[in-house]
Amino acid sequence: MAKRSDVFKHTFRLKKETSPEFESAVAGLRAEGRAQPGRFRLHLRDHVFCIEFMSKQYRESPFQVDVLFAQAEKEHEMAFSFDFSTFSNTFYFDLKKTNKFDTNKELSITICINKTNPTNCFCGLVNLGATCYINSLLQTMRYMFHFQKELFEAEDGFYTTNLKRLFYQMSTNPSGAERTLSSHFVHNLPFVASVSEHQDVHEFSKLLFDRLEAENKSVIKNNFEGAHKIVFSCDCGCTVEKEESFQDISLQMNRSQSLAESMAAFFEDEAIDEFRCETHGATAATKSTRVHRGPRYLLVLVGRFSFDWESNSPLKNNGHFSYPPELDLGAFCADSAASERYALLSTVVHAGSASQGHFYAFVRIGGRFYKFNDEAVTEATEEEAVDWNFGGENAFTGRTKKFSAYCLVYEKKADYENKAESGGIFFLENVPEALTREPVTETVAVLDSRFLSGAFCPGAYATGADYAARRPQTVELSQFDSLPSLIRDKDAYQMQNGRFEKVTKNIGGTAPLVLVEKGPGTFVILKTFQETPSCSTCPEKLKTVGATRIRRLEEITGVEEGIGAFREQADGVERIERFDDVREGDVLVATACDGSLLGDYVEFLRKRRCLFVQVGDQQLPLFAERQLGQAELAQEIQRTFLSPLPLLSGGVATGNLLRVEFDEPVNVFYVGSLFGRLNVGAIPHVHPFVLPAAATRADFVRLLRRSTHPCLRGVYGLDSISVMQTHRQVPAVTVVENETDLMPVGGLIVVRERLTDPLVVCFIDSFRNIVDYPIVVERVKTVAEFRRKYMVLGRIFRKGGVGDECVECGDDEMVDMGEKGYLLVEQ
């Protein structure tokens with residue numbers, strides 16, 4: 001170790017001794033305010049040397065450790081990094097491995113511990129939420145030299161290509177952390193339901209290998225597949241042999257504390273009481289399993305996880321389980337002369353409990369171990385990568401370690417040695433154009449039932465500029481994306497050549513995708529039709545329910561008589577009598593009305609388009625005939641919104657947005673009629689009107705009486721009406737009484753029968769917060785009378801005004817709160 005001023009020295013004179021505490025160095029960090037020194041002390045227990053972290057720090061921090069052991073003329077120097085924290089507060093080393101020191105004699109320790117911000121040794125992978133299990137496996141696969149070589153030589157398939165692109169991108173970013181292509185790769189895996197859900201690395205490996213094998217069988221077979229020779233020695237004297245392939249060996253810990261013990265138990269002969277011999281029939285047999293052909297990369301799963309059926313909870317065994325840096329399967333080979341020797345390539349570690357935790361991997365590259373912990377990649381000692389992950393008790397704290405090896409990856413020793421010249425890393429000599437090709441993306445609208453519900457357009461969905469106010473979600477798809485993976489548990493259908501076709505892989509153009517839940521039944525788009533008053537600002541007779549699947553016609557028509565099902569077509573509607581007549585992607589309408597009424601209304605909608613008339617900062621919907629000229633369109637706007645005649649010559653049209661101007665200042669009023677109703681939610685339709693800014697109550701009522709809108713038909717037969725302004729979640733109501741009063745701007749204008757003694761009623765939730773708009777009704781004498789007249793079942797409260805206490809009312813109480821008081825009805 002070079003001479004430094006920030007070192008700590010201690011001489012151990014006893015076989016069990018502890019040093020005084022000392023501080024770590026923070027070279028270059030303390031001045032920037034980014035680090036504080038950590039406190040440490042050293043221990044020696046016989047031949048085991050330990051560094052203990054004494055500071056209270058819950059988050060792991062990297063420290064660079066340089067230590068020199070000296071005894072007489074013998075020295076041993078170590079340099080490594082380690083992440084210390086309150087939960088990972090010890091690192092120990094067996095001095096016997098050096099074969100240099102006599103632990104009965106004095107041992108001098110010179111040590112420097114420096115808190116650092118290390119630079120990655122290799123490219124890391126960003127954790128997308130809970131994808132540490134994916135990162136651990138991908139980093140292990142990336143440094144499988146022969147696998148990666150065959151992968152890049154294999155034919156391009158969807159998963160193969162995306163994995164190549166990810167690995168190549170990582171090779172161009174040796175000290176960073178890859179996110180873009182990592183995220184792209186993971187989100188295109190159909191078996192990863194969510195990046196926020198923790199999964200098992202072993203289960204994930206099997207699913208990923210299945211996808212890669214389906215595209216290039218030899219890549220998986222040549223690297224991960226081995227074969228067992230199974231021999232049944234029957235009591236009848238017959239012998240039955242067969243061969244079974246395998247991609248991993250799953251070991252049970254039970255009482256075993258080492259890989260050697262568990263491997264012996266795995267290959268132990270098994271007695272079978274009931275066996276069927278093809279020659280002699282039922283007999284007993286002894287089953288012997290041996291390795292016939294070992295895989296190039298041997299995956300060994302340490303069975304640390306189990307399930308307790310009594311407590312109905314998962315369990316993890318963090319007990320001691322040792323494994324060697326080199327493994328010889330010769331004792332378990334079918335050919336006794338064979339030797340299947342392996343070198344440890346990777347240790348995938350699980351830290352945490354059975355229900356939650358974190359995966360990271362130690363991978364051997366070029367003879368050295370490196371810790372791949374999501375974004376961070378640092379060099380590690382063999383002790384940290386191997387011995388430290390045996391599990392069991394910490395020799396110095398006595399506590400069971402929360403981290404332990406879970407998946408071991410061994411590489412055939414001959415293959416491991418053959419790649420030594422390249423440093424254990426595969427590099428492409430000639431980079432295929434496909435790996436550097438930029439994605440060509442298409443933006444496609446995605447329509448699900450939430451988007452389709454409530455639409456009142458003809459056909460399957462609103463498209464183009466006709467209904468642009470309904471803005472669907474969109475996805476960007478490239479040649480490297482798999483649609484089924486992106487939509488997960490749904491099927492996608494796309495309109496192609498006038499018919500809906502199920503999308504199984506690639507989309508066919510930019511037509512919107514309609515999503516429906518996977519499952520049995522025929523995909524249809526369902527609508528309902530009612531012969532009710534309609535309006536040119538919102539024709540609501542025909543409404544879409546959503547995209548669904550049906551297995552019986554009764555799911556549409558119900559069990560009531562008189563409800564029929566019709567198929568909406570380009571040339572009209574057709575009645576459906578049998579479920580067998582329903583086709584995939586049909587637009588079906590359930591209605592009690594005659595088919596001719598439905599057909600006429602669908603034709604009415606098809607001859608119109610939805611415009612949005614912009615008045616100031618307000619956009620007002622208008623369903624107008626498609627072929628209207630400029631003068632006719634101006635008259636239609638005047639008729640619909642009761643406005644002065646608009647000026648269209650200076651208007652600017654963008655898609656279906658039409659900006660208009662007027663010769664005089666105007667205001668927009670939103671009006672709803674509440675004739676004979678209690679709840680504002682019962683207003684059939686809120687209609688926008690554009691009136692001169694100087695309009696009075698008299699002007700307003702006169703224009704209403706001149707209108708022909710069905711949503712305001714209650715106005716026509718009354719000599720006098722009440723006009724009130726209300727605001728959402730505000731109990732104040734402004735009654736416009738005098739004919740010469742200016743119409744108030746903002747909120748909702750409610751018109752209803754004339755009230756002689758108005759009473760304000762607000763609806764509240766369980767927290768007594770006012771919801772929606774208040775209403776005004778004719779006052780009654782008692783709460784009981786209020787309940788009977790307006791059919792109120794919920795609790796009723798009264799309030800004398802703003803700031804007054806909210807008091808629950810009994811049915812015999814009088815309804816008398818003064819002019820500013822109001823009732824509150826719990827919904």
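Okay, let's start at helix α16, residues 697-706. Helix α16 lies across four strands, namely β40, β41, β42 and β44. Compare its direction with that of β42, residues 721-727, and you get about 110 degrees. Before I go on, keep in mind that this is a predicted model.

So what is the helix lying on? The strands here belong to an open sheet of five, and if you walk across it you meet β41, β40, β44, β42 and then β43. The pairing in this sheet is mixed. Its edges are β41, at 687-692, and β43, at 730-735, and each of those pairs on one side only. From one strand to the next, the sheet twists by 35 degrees on average.

Let's zoom in on one pair. Which way do β40 and β44 run relative to each other, parallel or antiparallel? They're parallel: β40 (residues 666-673) and β44 (residues 748-753) are held in that sense by three bridges. If you want to find the spot on screen, look for G672, which stands opposite V750 in β44.

Now scroll further along the chain. There's an open sheet made of five strands here too, with mixed pairing, and the order goes β46, β45, β49, β47, β48. Its edge strands, pairing on one side only, are β46 (770-778) and β48 (807-808). A helix packs on this sheet as well: α17, residues 783-790, touches β45 (758-764), β46, β47 and β49. The angle between the directions of α17 and β46 is about 100 degrees.

Inside that sheet, have a look at β47 (residues 796-799) and β49 (residues 822-826). These two run antiparallel, and four bridges join them. Here the residue to click on is I796, which sits opposite V825 in β49.

Okay, let's zoom right out. How many helices and strands does the protein chain have? The count is 17 helices and 49 strands. Along its principal axes, the C-alpha trace spans about 115 × 75 × 60 Å. The radius of gyration is 39 Å, whereas a compact globule of 827 residues would come in near 28 Å. Of those 827 residues, 51% are buried. As for the outside, the accessible surface is about 40100 Å², and carbon and sulfur atoms account for 47% of that. And if you take contacts between residues at least 6 apart in sequence, 63% of them join residues at least 24 apart.

Let's see what that looks like for single residues. Take Y410, in strand β25, residues 403-412. Is Y410 buried or exposed? It counts as buried, because its relative accessible area is 0%. L327 is 83 residues away along the chain, but the C-alpha atoms of Y410 and L327 are separated by 7.8 Å. The side chain of Y410 also has a polar atom 2.7 Å from the backbone oxygen of P324.

Y410 turns up again in the contacts of R296, and that list also includes H146, Y342, E411 and D415. R296 itself is in the loop between β16 (281-293) and β17 (297-303). Which side chains does the R296 side chain reach with polar contacts? One is the side chain of E150, at 3.1 Å. Another is the side chain of N223, again at 3.1 Å.

Next is L542, in strand β32, residues 542-550. L542 has a relative accessible area of 0%, so it is buried. Leaving aside neighbours within four places in sequence, its contacts include A455, F456, C457, F529, V589, L598 and Y601. D489 is another story: L542 and D489 are 53 residues apart along the chain, and their C-alpha atoms are 30 Å apart.

Last stop, a pair of residues with an unusual-looking backbone angle. N99 isn't a glycine, although its phi is positive, about 55 degrees. D374 isn't a glycine either, and its phi is positive too, near 55 degrees. Both are in loops: N99 between β8 (90-94) and β9 (107-115), and D374 between β23 (368-373) and β24 (376-380). What about their surroundings? N99 has 72% relative accessibility, so it counts as exposed. D374, with a relative accessible area of 9%, is buried, because the cut-off for that is under 20%.

Definitions and conventions. Residues numbered from 1 in each chain as written. Predicted model: local features only at pLDDT ≥ 70, side-chain atom pairs only at ≥ 80, totals over all residues. Heavy atoms only, no water. Pairing = 2+ DSSP bridges. Contact = heavy atoms within 4.5 Å. Axes fitted to C-alpha atoms, helices over the stretch in contact; angles between N-to-C directions. Rg over C-alpha atoms; globule rule 2.2 N^0.38 Å. Buried < 20%, exposed > 50% of the residue type's maximum accessible area, 1.4 Å probe, protein only. Areas by Shrake-Rupley, 256 points an atom, 1.4 Å probe, with all protein chains shown as cover. Polar contact = N/O pair within 3.5 Å; in protein donor to acceptor, adjacent residues only side chain to side chain.
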